[in-house]
Structure formats: C-alpha cells, structure tokens
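Subject: Structure handed over, with notes

Dear colleague,

Here is the structure you will be working with, followed by my notes on what was found in it. Please keep it open beside this message as you read.

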Amino acid sequence: NRAMQAERQAGSSFKPFVYGAYFEKYPEQDLESFVLDSPICFKTGNPEKPKWCPKNYEEKSLPRFMGAIPIKTAIARSRNVATVRAAKDVGINEVVDLAVSLGIKGDIPRYLPTAIGAADVKVIDMARAYAAFFREGVDIPYWFLDSVEDKQGIKNFRSLEYKQVISKEAADKVLLGMRWTALAGTARSASRELPFAVAGKTGTTNGFTDAWF
C-alpha cells in the first residue's frame, strides 16, 4: 500500500516545515523578508567527504546563486541553499520537531540535509502535515470510515482530536508561499491546468525517482 506503508524521499516537499519553523521563531518575518542564496559549506565528520556544500537545482533561466532573495522566491523557486541557511538559523531540531508534531512519523534525521528532503516519509503523513497549513495550523489525525448508514441506521461519529501545532500566522505565511509556488514557481503547470486555486510544493530526487506535489 504505497499511500500508507511506502516511505519515499521527500525532496523539496519537506521545505514548508523549514519555513514553518522559521516563521514560528521569527514572527516578525514574512514572505518579503530576505534569505541568502549564496555558497556555504559544512563539516561532516566523514573523512571521505569532509564537507557538504548544498547546491541549487540548476534552471537555465536562473543563476546558480541568486544572493539575497525574498522568502516567497526561495519557496516558489525551491532554492536549496537559501532553505539550508534558514534551517541552520532556526535549528534543524526545531524543523524536525515541527514536522513530527504535524504528523510526520518515522526516524527523521536531525541534520541539515533533511531540510531539503533527505528523509523518507509516507504519503499519508505528508498529506496530514500539509493539511494543517490549509487548516490555519490545526492538526487533525486522519481516520477512516468503516461504514455508511442510511437515515434509518445508527450513526456513530468519531470524536476528532484538534490540536494547534503551529500558529495561524506562521501557517498562513507558509500557505501563501506555496501559493506562489503554483503562481510563479516550480508548480506553474499545476496552476495553469487545474480549474481552481492551487497551493503546494514540488519535491523531486535525482532522476525523478521520487516526484512529489
């Protein structure tokens, strides 16, 4: 069951958790605030690969690094280096803690590559987590209908567990950033082809082994 059991690499679809944590830590920041998209390297502790230097996905229409850019551009254009810098600023533990509180289960590595998707996640968990951004920061665990009764039958309703896991203000900023992804970013085709307003985040791995929206 690929929706419920398969764990696939999240790629850039993990980035909303980075910016959600960022807006929680810095509530005075918004989508017009600047993040730096410029080269950076980190020590790894691995003698074979002593440093890790994140790179941006190369688009012919964009430079390799864009310098200081608005957060909405970093989200819409899925800029890896800017996102890693934001995760380093806010702390990768805070990023992972937010993802977990939004419903992402499993062993999420607490190191910076996770910020740009080096973590395996389930489709159902990502759907639950993203739903909270649309629900103004409120998480509701998913549940299933066992049966549907007609009007003569007995109705049993499950009591849903509502929990505010991220502030409405931070959730709204992330949602608007994902709206920019569809309007002017990596998901422009979805906005053109679907007959309703779209907000979301793309995420791919090498060779499109995994491709998320």
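The notes below go through the salt bridges, the pocket, one helix and a few single residues.

Please bear in mind throughout that this is a predicted model, and that the values here are computed from it.

Salt bridges

A search of the whole structure finds eight salt bridges, and I describe some of them here. In one of them the side chain of Asp-97 meets that of Arg-110, with 2.9 Å from N to O. Asp-97 belongs to helix α4, which covers residues 92-101, while Arg-110 sits in the loop between α4 and β6 (120-122), so this salt bridge ties together parts that are 13 residues apart in sequence. Asp-97 is partly exposed, since its relative accessibility is 41%, and Arg-110 is likewise classed as partly exposed, with a relative accessible area of 43%.

A second salt bridge joins Glu-136 to Lys-168, and here the closest N and O atoms are 3.9 Å apart. This pair links distant parts of the chain, because Glu-136 lies in the loop between α5 (123-134) and β7 (138-139) whereas Lys-168 is in helix α6 (residues 168-184), with their positions 32 residues apart in sequence. Glu-136 counts as partly exposed at 41% relative accessibility, and Lys-168 is partly exposed too, with a relative accessible area of 36%. The backbone at Glu-136 also deserves a look, for phi of this residue is near 60 degrees, which is a positive value in a residue other than glycine.

Lys-168 has a further partner in Asp-172, and the closest N and O atoms of that salt bridge are 2.6 Å apart. Since Asp-172 and Lys-168 are four residues apart in helix α6, they are separated by about one helical turn. Asp-172 is partly exposed, at 29% relative accessibility. Through shared partners, these salt bridges join Glu-136, Lys-168 and Asp-172 into one network.

The largest pocket

The largest pocket has a volume of about 770 Å³. Its lining is made up of 24 residues, and those that lie nearest its centre are Ser-12, Tyr-57, Asn-80, Thr-204 and Thr-205. Which classes of residue make up that lining? It has 15 polar residues, five nonpolar ones and four charged ones.

Helix α3 and the residues beside it

Asn-80, which is among the residues nearest the centre of the largest pocket, is also one of the buried residues of α3. This helix, covering residues 80-90, is mostly covered, in that eight of its eleven residues are buried. Besides Asn-80, the buried residues of α3 are Val-81, Ala-82, Thr-83, Val-84, Ala-86, Ala-87 and Val-90. The helix is followed by Gly-91, whose phi is positive, near 105 degrees.

In the loop between α2 (71-76) and α3 there is Ser-78, and phi of Ser-78 is near 55 degrees, again a positive value in a residue other than glycine. Ser-78 counts as buried because its relative accessibility is 10%, which falls under the cut-off of 20%.

Two threonines in loops

Is Thr-114 buried or exposed? Thr-114 is buried, with a relative accessible area of 0%, and its place is in the loop between α4 and β6. If neighbours within four places in sequence are left aside, Thr-114 is in contact with Phe-14, Ile-92, Val-96, Ile-108, Pro-109 and Ala-119.

Thr-202 is found in the loop between α7 (188-193) and β9 (203-204), and at 16% relative accessibility this residue counts as buried. The side chain of Thr-202 makes a polar contact with that of Lys-201, at 3.4 Å. Not counting residues up to four places away in sequence, Thr-202 touches Ser-12, Ser-13, Thr-186, Ala-187, Trp-212 and Phe-213. Ser-12 has already appeared in these notes, as one of the residues nearest the centre of the largest pocket.

With kind regards

Key:
Residues are numbered from 1 along each chain as its sequence is written. This is a predicted model: local features need pLDDT of at least 70, side-chain atom pairs count only at pLDDT 80 or more; totals for chains, interfaces and linings use all residues. Side-chain values use heavy atoms; hydrogens and water are left out. Buried means under 20% relative accessible area, exposed over 50%, partly exposed in between (1.4 Å probe, protein chains only). A polar contact is a pair of N or O atoms within 3.5 Å; within protein, one must be able to donate a hydrogen and the other to accept it, and residues adjacent in sequence count only if both atoms are side-chain atoms. Contact means heavy atoms within 4.5 Å. A salt bridge is a side-chain nitrogen of Lys or Arg within 4 Å of a carboxyl oxygen of Asp or Glu. On a 1 Å grid over the protein atoms alone, a cavity is a set of points where a 1.4 Å probe fits but cannot get out, and a pocket is an open set with protein on both sides within 12 Å along at least five of seven lines; lining residues have an atom within 4 Å of a point. Grid points are joined across faces, edges and corners, and a volume is the space filled by probe spheres set on the points. Ala, Val, Leu, Ile, Met, Phe, Trp, Tyr, Cys and Pro count as nonpolar, Asp, Glu, Lys and Arg as charged, and the others, Gly among them, as polar.
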